[in-house]
Amino acid sequence: MIEDLRTLVEVESPSRDVHALRASAETVAAVIERRLGGEAVLVESEAGPHVHWSGGGDPRVLVLGHHDTVFPLGTLERRPFRVADGRVTGPGVFDMLGGLVQAVHGLAALDDLSGVEILVTADEEVGSRSSRALIEERALACGAVLVFEGAADGGGLKTGRKGCGTFRVSIAGRASHAGLEPAAGVNALVEAAHQVLDIAALARPEIGTTVTPTVASAGTLDNVVPAQATVVVDVRVESAEEKQRVEAAFAALAPHLDGAQITVEGSVGRPPMPESASAELFALARKLVPGIEGVAVGGGSDGNFTAALGVPTLDGLGAVGGGAHADHEYVVVETMAERANLVTGLVTAIRSA
């Protein structure tokens, strides 16, 4: 497993770099074919190739992951693949190449691979716009989904996820000379300040809704009343009702200054994954690994899409480690085999249920 993980990590795969993602997809496909046989098909998309493999027969379980990472080309040179002190480090080892390797090796322990499908997408880190339809199609066909994103802290499985999305609020004002005619302008930055307070007030942390302005920009020169401003907002919700409420509130944002105009783009693109969606599969996992924990987390994954369809979905089956999206990203070596064994057991249990 470590050598297969090295193979994947050493082919860098930053999201949106279609050339790099093609090389990565070909590498993922080669590892799957070498360990499982059959043919791993590259599914072309504008985001880069997705990888799909089937063990034949009636589909029963979808193994879901992604091969794109958040790290730019050149990260590997600065932070090469390394195994030391019981940890594997390198770009993408935890999110989520380690999980892919564990899944493949867990499946390789099965004598019969019928009913099993693998889908490894190229754009999960940037919203899954090109892969969502394919993910949903295969999830509905299979009827159960195992997602190999990194485990929760301590190795727990992810039994629920918040819905998440990004909104971009653009403000149009009117430029004027800040010294000679400040009143002749419409200050987009002042309007943005009003909007930030209105937007932040939409949060309801007591029920899990967070609304967090994250990036803002405005103005051109220090002596010009700014005519343009933008505010980017991260939103997380635990229920479909909150998704609807927040989206409606963004659509209803109104300017405070006469002459200002507001345009809102975005939505809660990943629907919430309720814990009820994972209950059946989590019960199977606990029979295989008594005492394994299940936790609901704030981050989203492609499991949000499949759970929203009503397809049983269990997430966090991937690598045990930490540091997703950070330079200290790592996988705990001694957990890799036991996680692969969990894959073997879960697929067997699902097919026999």
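Two strands count as paired here if DSSP finds at least two bridges between them. With that in mind, welcome to this predicted model. By that rule, six strands form an open sheet with mixed pairing. Beyond the sheet, this briefing visits the nonpolar cores, the enclosed cavities and the open pockets.

**The six-strand sheet**

- Reading across the sheet, the strands come in the order E1-E2-E6-E3-E7-E14.
- Strand E1 (40-43) and strand E14 (313-314) are the edge strands; each has a single partner strand, so one side of each has no neighbour in the sheet.
- E14 runs parallel to strand E7 (residues 145-147), and two bridges join them.
- Within this pair, valine 145 sits opposite threonine 313 of E14.

**The nonpolar cores**

- The largest nonpolar core holds 51 residues, and the ones that touch the most other members are Leu5, Ile32, Leu107, Leu146 and Leu314.
- Several helices each bring at least two residues to this core: helix H1 (2-9), helix H2 (18-36), H4, helix H8 (279-288) and helix H10 (336-352).
- Strand E2 (50-54), strand E3 (61-66) and strand E6 (116-121) also each supply at least two.
- H4 is the top contributor to this core, giving nine residues.
- Another core, of 19 residues, lies apart from this one, and its members include Val169, Ala192, Leu202 and Ala249.
- What is leucine 5 in contact with, once its neighbours within four places in sequence are set aside? The list is Phe81, Val88, Val93, Leu97, Gly98, Val101 and Met336.

**The enclosed cavities**

- The model has two cavities of 30 Å³ or more.
- The largest cavity contains about 80 Å³ of space.
- Its lining is made up of Leu8, Val28, Val31, Ile32, Val63, Leu100, Val101, Ala103, Val104, Ile118 and Val120.
- How does that lining divide by class? In the largest cavity there are 11 nonpolar residues, no polar and no charged ones.
- H2, H4 and E6 each give at least two residues to the lining of the largest cavity, and H4 gives the most, with four.
- The second largest cavity has about 60 Å³ of space.
- Around the second largest cavity stand Leu8, Val9, Val11, Glu12, Ser13, Thr69, Phe71, Pro91 and Leu97.
- By class, the second largest cavity is lined by six nonpolar, two polar and one charged residues.

**The open pockets**

- The largest pocket offers about 870 Å³ of space.
- It is lined by 29 residues, of which Glu124, Glu125, Gly127, Cys164 and Arg270 are the closest to its centre.
- Two or more lining residues of the largest pocket come from each of helix H4 (93-108), strand E8 (157-161), strand E9 (163-172), strand E11 (228-237) and strand E12 (261-270).
- Sorted by class, the lining of the largest pocket has 12 charged, 11 polar and six nonpolar residues.
- The second largest pocket has a volume of about 160 Å³.
- Which residues line the second largest pocket? They are Gly154, Gly155, Gly156, Val289, Ile292, Glu293, Val320, Thr335, Glu338, Arg339 and Leu342.
- The lining of the second largest pocket splits into four nonpolar, four polar and three charged residues.

**One helix to follow**

- For a guided look, start with H4: this helix gives the most to the largest nonpolar core.
- H4 also gives the most to the lining of the largest cavity.
- Helix H4 (93-108) is among the elements that give two or more residues to the lining of the largest pocket, too.

Terms used: Residues are numbered from 1 along each chain as its sequence is written. This is a predicted model: local features need pLDDT of at least 70, side-chain atom pairs count only at pLDDT 80 or more; totals for chains, interfaces and linings use all residues. Side-chain values use heavy atoms; hydrogens and water are left out. On a 1 Å grid over the protein atoms alone, a cavity is a set of points where a 1.4 Å probe fits but cannot get out, and a pocket is an open set with protein on both sides within 12 Å along at least five of seven lines; lining residues have an atom within 4 Å of a point. Grid points are joined across faces, edges and corners, and a volume is the space filled by probe spheres set on the points. Ala, Val, Leu, Ile, Met, Phe, Trp, Tyr, Cys and Pro count as nonpolar, Asp, Glu, Lys and Arg as charged, and the others, Gly among them, as polar. A nonpolar core is a set of buried Ala, Val, Leu, Ile, Met, Phe, Trp, Tyr and Cys residues joined through side-chain atoms within 4.5 Å. Buried means under 20% relative accessible area, exposed over 50%, partly exposed in between (1.4 Å probe, protein chains only). Contact means heavy atoms within 4.5 Å.
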